[in-house]
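Let's take a walk through this one together, helix by helix and then on to the ligand. Keep the 3D view open so you can click along as you read.

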Amino acid sequence: MTERECLVYINGEFLPKSQAKISVFDHGFLYGDGVFEGIRSYNGHVFKFDEHIKRLYESAKSIGLDIPMNQENMKKTILEAIEKNDLRKNAYIRVVVTRGIGDLGLDPRKCQKPSIIVIADQILIYQTESLKAITASTRRNAVTALNPMIKSLNYLNNILAKMEANRANVEEAIMLNQQGLICEGSSDNIFIIKNGVILTPPPTADILVGVTRNTVIDLATEDGIKVKEEDITTHDLYNADEAFFTGTAAEVMPLVEVDGKKIGNGKPGTITTRLMEKFKKIRETKT
Ligand code: PXG
């Protein structure tokens, strides 16, 4: 990007980063009352654009937030943000929709109009070629509390899990559900490979069903590799032949050690490497 300040879309206008501000009375800030999406564009193609937009509107619907912009105009605004910031090659787009400005009480009826924010910037990626992780003691939200399918502004337990990873000097935290089964990383989905079969937790295991996750399942299936959505225990993970994470930022990222135990031979596995290559090939075309 040029030296110019990043231009941020807020409620109808594009403002320089230093002036792009939200009220302290916005319920997104006060209560994490809102939803978001993280989207990437590669060489001008917004990856899985419709899937991300659909998830944003589904998250909003689930929390009773009526986004005051239709999906077509949301897509146009995102493309405009990319263009205004000269990010014609690669970009990371963060869309945030909050309940809007209210008073200091919880009641969302006090919030007149949702706030819409679109930030298009450079992507921040992991600086390593493979990751080590720990299983976090902080559990993933239960469906009965806050459904993990809602990409809400409440990421505090994911952040607490990430802090556990920081303390353990590893890159990522793996979150378990209330039953102690594997859910996902703090901001990515998890896969293991055992005897040539790919396994990933099912949507019912309290996960966010990632757009990258679904893409990788398609790629593996196309390649004739069997993929099963199945409950995974820590025992299964420790004894897997290979493991990897998927996410908008992570793409396909090998996971080589968990809780101090090497996964397989402790190096990115052959199936993982093949999927990484396949993903790189299609990421500029799968819009
Ligand atoms: N699980 C969780 C909990 C997530 O937040 C994913 C899985 C992967 O989903 P996608 O659709 O991206 O394949 C996410 C992704 C980032 C970032 O910078 C991503 C997320 C949250 C915060 C930052 O990539 N969500």
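**A guided tour**

Glu251 is buried, with a relative accessible area of 11%. Before going further, bear in mind that this is a predicted model. Glu251 belongs to strand S14, which covers residues 251-258. Its backbone is worth a look too: phi is positive, about 55 degrees, even though Glu251 is not a glycine. Most residues other than glycine have a negative phi. Asp206 is another example, with a positive phi near 65 degrees in a residue other than glycine. You'll find Asp206 in the loop between strand S11 (197-200) and helix H5 (211-222). Is Asp206 buried or exposed? Asp206 counts as buried, because its relative accessibility is 8%, and the cut-off for buried is under 20%.

Now for the helices, starting with H2, residues 49-62. Its 14 residues should span 20 Å at 1.5 Å a residue, and the end C-alpha atoms are indeed 20 Å apart. The buried residues in H2 include Phe49, His52, Ile53, Arg55, Leu56 and Tyr57. Ser59 and Ala60 are buried in this helix as well. What covers them? Among the covering elements are strand S3 (34-42), strand S4 (45-46), helix H3 (71-84), strand S5 (91-98) and H5. Just after H2 comes Gly64, with a positive phi of about 70 degrees.

H3 is the next stop. Asn70 sits at its start, where a side-chain oxygen of Asn70 comes within 3.3 Å of the backbone nitrogen of Glu72. The 14 residues of H3 should span 20 Å at 1.5 Å a residue, and the distance between its end C-alpha atoms, 20 Å, agrees. Its buried residues are Met74, Lys75, Thr77, Ile78, Ala81 and Ile82. Look down the axis of H3 and these buried residues fall within an arc of 160 degrees, so they line one face of the helix. The general rule behind this kind of pattern is that an α-helix has 3.6 residues a turn, so residues three or four places apart point the same way. Just after H3, Asp86 takes a positive phi of about 55 degrees.

H4 (residues 156-167) tells a story you can follow from both sides. This helix has 12 residues and reaches 16 Å from first C-alpha to last, close to the 16 Å expected at 1.5 Å a residue. Asn157, Asn158, Ala161, Glu164 and Ala165 are buried in H4. Seen down the axis of H4, the buried residues fall within an arc of 110 degrees, so they line one face of the helix. Those buried residues pack against strand S7 (131-135) and strand S8 (172-176). Turn to the face of H4 away from the buried side and you meet the exposed residues Leu156 and Arg167. Asn169 follows H4, and its phi is positive, near 60 degrees.

Back to H5, where Val216 has its place. At 1% relative accessibility, Val216 counts as buried. Leaving out residues up to four places away in sequence, Val216 touches Phe191, Phe244, Thr246, Val252, Leu275 and Phe279. Take Phe191: it is 25 residues from Val216 along the chain, and their C-alpha atoms are separated by 9.8 Å. Another of those partners, Thr246, is in strand S13 (residues 242-247). Thr246 is buried too, with a relative accessible area of 1%. Setting aside neighbours within four places in sequence, Thr246 is in contact with Asp188, Asn189, Phe191, Thr212, Arg213, Val216 and Glu251. That last contact, Glu251, is where we came in.

Finally, the ligand. Which residues come nearest? Of the 20 residues around the ligand, they are Lys151, Tyr155, Glu184, Thr212 and Thr248. A polar side-chain atom of Glu184 lies 2.6 Å from a ligand nitrogen. Arg55, listed above among the buried residues of H2, has a side-chain N or O atom 2.9 Å from an oxygen of the ligand. Val211 contributes through its backbone, with a polar atom 2.8 Å from a ligand oxygen. On its own the ligand has 540 Å² of accessible area, and the protein covers 91% of that.

Note on methods:
Residues are numbered from 1 along each chain as its sequence is written. This is a predicted model: local features need pLDDT of at least 70, side-chain atom pairs count only at pLDDT 80 or more; totals for chains, interfaces and linings use all residues. Side-chain values use heavy atoms; hydrogens and water are left out. Helices (H or I, at least four residues) and strands (E, at least two) are DSSP runs, numbered from the N terminus. Buried means under 20% relative accessible area, exposed over 50%, partly exposed in between (1.4 Å probe, protein chains only). The expected span of a helix is 1.5 Å times one less than its number of residues. Contact means heavy atoms within 4.5 Å. A residue is near a molecule or strand if one of its heavy atoms lies within 4 Å of it. A polar contact is a pair of N or O atoms within 3.5 Å; within protein, one must be able to donate a hydrogen and the other to accept it, and residues adjacent in sequence count only if both atoms are side-chain atoms. Accessible areas come from the Shrake-Rupley method with a 1.4 Å probe; for residues, only the protein chains shown count as cover. The arc is that of the directions from the helix axis to the C-beta atoms.
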